[in-house]
Amino acid sequence: MTVVIARPCRLSENSHETKHMATRHAVPGRDKKPPAPGEAKVVRTTDSPNCTGACGWLATVVDDVIVDLKPAADYPCEEYNPRGCLRGMSMTHMIYGPDRIKTPLIREGERGEGKWREATWDEALDFIAGKMRRIIDDYGPESLLLFNQVVGTSYVQKGAQVRMAALLGMSFATAYDFNGDISMGFTHTIGIDCVECETKSWGYAKYAILWSSNVFQTRIPDAKFLTKHAKQENDATIVCIDPRCSQTAKGSDLWLPIEPGTDCALALSMCQVLLREKLVDWKFVETFTDFGTLIREDNGMRLRASDLGIGGEDEFMAWDETSDSVIVLPKDTLRLPEGVRLSIRNSRTVEIDGKPVAVTPVFRLIEDVVMSAEYDPDRVEKITHIPAETIRQVARDYATKRPSSIIIGMGINHRLHGDLTIRSILLLSALAGAHGKPGESVSIYSGQHHFRLDVSPWWFPGGKRPNAVPMHYFVLGKPTETINPKIKFPKNGFKGLFVSHGNPLVTEFSEPIKRAIDNLDLFVTIDFSMSPTCEYSDVVLPAPTFWEKVDLVGTSCHPYLQMQQEVLTPRYDSRTEMWIVRELVRRVEPSLLNYFDVSEYDAIEMLLEGGGKEVAGITLDQLLEGPVRLKVPDPEVGCDEQFADLHPFPPRAYPFPEGVQREFLKTGRMEFYKEEEVFRKIGEQVPIYKPAFEHLPESDQKLPLSIVTPHSKWRVHSTHSNNPVLLNLNRRPEVEINPRDAAARGIRDGDPVEIFNDNGSYRLWALVTETIKPGVLCVDHGWWDRYLGGGKYHSVHTHQKIKPTHENYYLPAVYAPGQHWKDTRVDIRKVTK
Amino acid sequence: MARMAMLIDLTRCIGCDACTVACKQENGTPVDVFFARVFNIEVGAFPNVKRVYLPVLCYHCDDAPCLKSCPNKAIVRRKDGIVLIDQDRCRGTGACVSACPYGNIVLHDVDKWYLNDDEPYESRFVKPRLKPQVARKCTYCAHRVDEGLDPACVVACPTTARIFGDLDDPGSPISTYIVQECERGREPFHLLEEAGTKPAGLYVGTMSEQESFSSQHQREQGGERVDATAV
């Protein structure tokens, strides 16, 4: 349905009565008289917050003030209209809000003391450039670290910052892995950390499992593909797996309140049901997975053609039942030679260097694990608290009610063993063969890391890249023993940090970051709102909001490339990232200035020209007319080249060259067996369930409650924490607690309470609710400390641990360590004084 | 004749409050004044619990009790059925607030605002549009309707759960939607019909449909599934 409905206009009949309206004057113009021609302008733009939704808006502007905002609803694919949500709509109150940074600020007192000197841009830039120059000369440019959020939402402006870091030789920490969004379970299985279908594809599903995903809240503009298209028009069944009856549970047919941290056991149990009930799509697994590859019993590695002296190390062997002999699997296609039937169960013996070696197909190794008593639904019921019969039914329905789809949320990924959970879910999907068609995929929407075009021409001039270092090592202050040798930890350590549009001091990890910052000579933040991170800085630079600058925006939610326009002149003394970078380079390394002698539009043209096949033929002029669909299949179903064209995995991860990911997905197939020694050392060659909390200190394990920290409807992470309109709707931080847990502690609804463990504590208010599983607390994440009843936001979550299977290869934000905040154990008490 | 009305499809609604904020954006309402609201309700006890969202706004009743209650005759009903409070005639008696069985009329002594006083967004473009100390409510964005546009909450609803139009026009989006949904066995209904105000605003669909199972639940119910259909 279109959003603006033309109907016979009743102006003549009723216009004399509109003075009775609650508001006297109609927008646009918001004046008694309609605005004179040329006085009110309407601008089509795109917002780019860290939800990464990339929604199009029509803004009405009078005298450089936005007086009205409406969804643009102009996507050529009608189903996408309208896009937008309460957060985007109330952005006006951030643009005009009381926390806007008006001028550059230089710290006067101690860090965090709140004493500032208002500075001119020249003063601030000279100060920063002087320090940068000294750090470069004394320690090397790699001691300067850039951490900007979220680069994929802003190809041009935040890209300009990366361009500077590349040219100066600075270090660059990809936010994506530090945010915990990287899904190593995906990387281990398909060689890329996340893969998504466009959200329109959800609408084709007959069965959808939302696995800890709360899309009604986190993907508001896309939720209609579930409620309207899948459910209402397609009669789909929606299953929601979540310890809390989330906003999304409202729209589901079945809500499974799972015990937190046990999702992996549930997935493997469902795999067992598929195997037991003969619901496996053998054709799919033979083509797309590593099930047929043979594992050597002597060393646990895959059998290669080179082992037998008949080919290369990158060629893998399988057993063909038709010819009853080993064959080399083709490496450039997933298509098997005509007539080949892969043996997937039987061990054989081959001769390597004159010695007999037993080899076993991967499927057999997986089957041995999956079919073990541990994953019997009757047993899994006891740990997940989901009835065995329900586990069987959901598995059966997932495999038979097609097309069927899984959407994964971050709740299962922000765990040390989240990788195993996701590997298990992918195993389930592979057994069912539920990929590659509209309405069939496993999607995670974990972020904006997957650029929709190759940003290299703008970001990495002449192929020069910054020194990529995961933020974890900055926070730890030193490399781990198992750090990947490709990561160049600065020889003199980190001395300077630039945080752009990030708020790392409002994360589950803020205290360790603060300690790392305390060792720096320079800490600069670039933001539009005076965040807790800004408050701890040496210099704060005022940036425009995304309503006040030009950029190019893409998203993984939908395949439209869009322009962001300068709807308003940058307010106060704010300056774009492009301008700031140019002025810094002018002061630090003037010989590089010519790299920045370009406009935003020039940068966009550069990106379009060298951006790869998805943007081939798209022009700036087309983009200025409205959203332009990328050159991708319609609908995009995720891994389209693999499932449709049988092109080997992994799909390319922009901005890296084709082929670099093959290092960690050597077979080119969905790998459910990982052969590297590091996996064998910890017994994770194939997906298995490991209890979530056993890696915690014993004192933590004894604590009675889990805590989950989902996204809030009222914020995008910590953005909008200080939005006056949204605070009017969501007045104070609350912890959801089941009445049983509350009663046991004498806590009543609305009481001030304190969440605590050995790491820390913080105070907020109790929301006693039946919608959460007993034994689980829920606090939506992103509240700034100033709104708490006391303590440090999420100070209870300060474990840091890196899994060695996340370090054995390194590709920034594709193969890198993740986070495991949600493994935290806590208790709660009533605050009495 | 015309009868403007809004139908809200509760199956499509995700409780996102885009309507709440779109209304604010359009009408520039002060702090704590919401013409469009969404109730977030929980029903039942764990694990047999449901989340329910109920969006509410003025229903522009045929037999509007607010209109009858006003001692100053400040409430009028337009020819297209839209009920409006005349800001110039209203003396803020609050009679309409008490009369509305739905609680959809707001009257505040003092208006509070969101932004600093010197921000032109509010000082120049929002505050002058409202008269203080009068009763206010949803107008179905009559100023937009007069221009042939849908109300702000309708165009902003990301799930197209709100359908607006003329009930008297069989070709209008709302009329065709009602026919289509009736054919699918979903009868539209009014909220609190027993109040007898003949509201124009309609709903369709159940508020929540999910079933929930946990082993604990199953034990308590002796292994029987409990039918947890519409609330």
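Trainee: So two strands pair if DSSP finds at least two bridges between them. In which sense do strand 27 and strand 28 of chain A pair?

Mentor: Antiparallel, over 6 bridges. Strands here are DSSP runs of E with at least two residues, helices are runs of H or I with at least four, and both are numbered from the N terminus. Keep in mind that this is a predicted model, where local features need pLDDT of at least 70, side-chain atom pairs count only at pLDDT 80 or more, and totals for chains, interfaces and linings use all residues. Residues are numbered from 1 along each chain as its sequence is written, while chains are lettered from A and ligands numbered from 1 in the order in which they are written.

Trainee: Got it! How many residues does the hairpin between strand 27 and strand 28 of chain A go through?

Mentor: The hairpin runs through 2 residues. Phe756(A) in strand 27 has Ser761(A) in strand 28 as its bridge partner.

Trainee: Which other strand pairs with strand 27 of chain A?

Mentor: Strand 31 of chain A, residues 825-830, which is also antiparallel to strand 27, with 4 bridges. There, Glu754(A) is bridged to Arg829(A).

Trainee: Where do the side chains of strand 27 of chain A point?

Mentor: They alternate. Val753(A), Ile755(A) and Asn757(A) share one face and are buried (20 or more other C-beta atoms within 10 Å of the residue's own, with C-beta atoms placed from the backbone; exposed is 12 or fewer, partly exposed is in between). Pro752(A), Glu754(A) and Phe756(A) point to the other face and are not buried.

Trainee: New topic: what order do the 8 strands of the open sheet in chain A come in?

Mentor: The order is 5-4-21-20-19-6-7-18, and the pairing is mixed. Strand 5 (116-118) and strand 18 (467-468) stand at the edges with a single partner strand each, so one side of each has no neighbour in the sheet.

Trainee: Which strand does strand 18 of chain A join?

Mentor: Strand 7, residues 171-172, through 2 bridges, and the two run parallel. One bridge partnership there is Phe172(A) with Ala468(A).

Trainee: Zooming out, what does the secondary structure of chain A come to?

Mentor: Chain A has 27 helices and 31 strands. Its C-alpha trace spans about 85 × 65 × 60 Å along the principal axes, and 59% of its 833 residues are buried.

Trainee: And what domains is chain A divided into?

Mentor: An automatic or database assignment sets the bounds: domain 1 (11-95), domain 2 (191-280 + 369-443), domain 3 (282-362) and domain 4 (698-830). The C-alpha centres of domain 3 and domain 4 are 48 Å apart.
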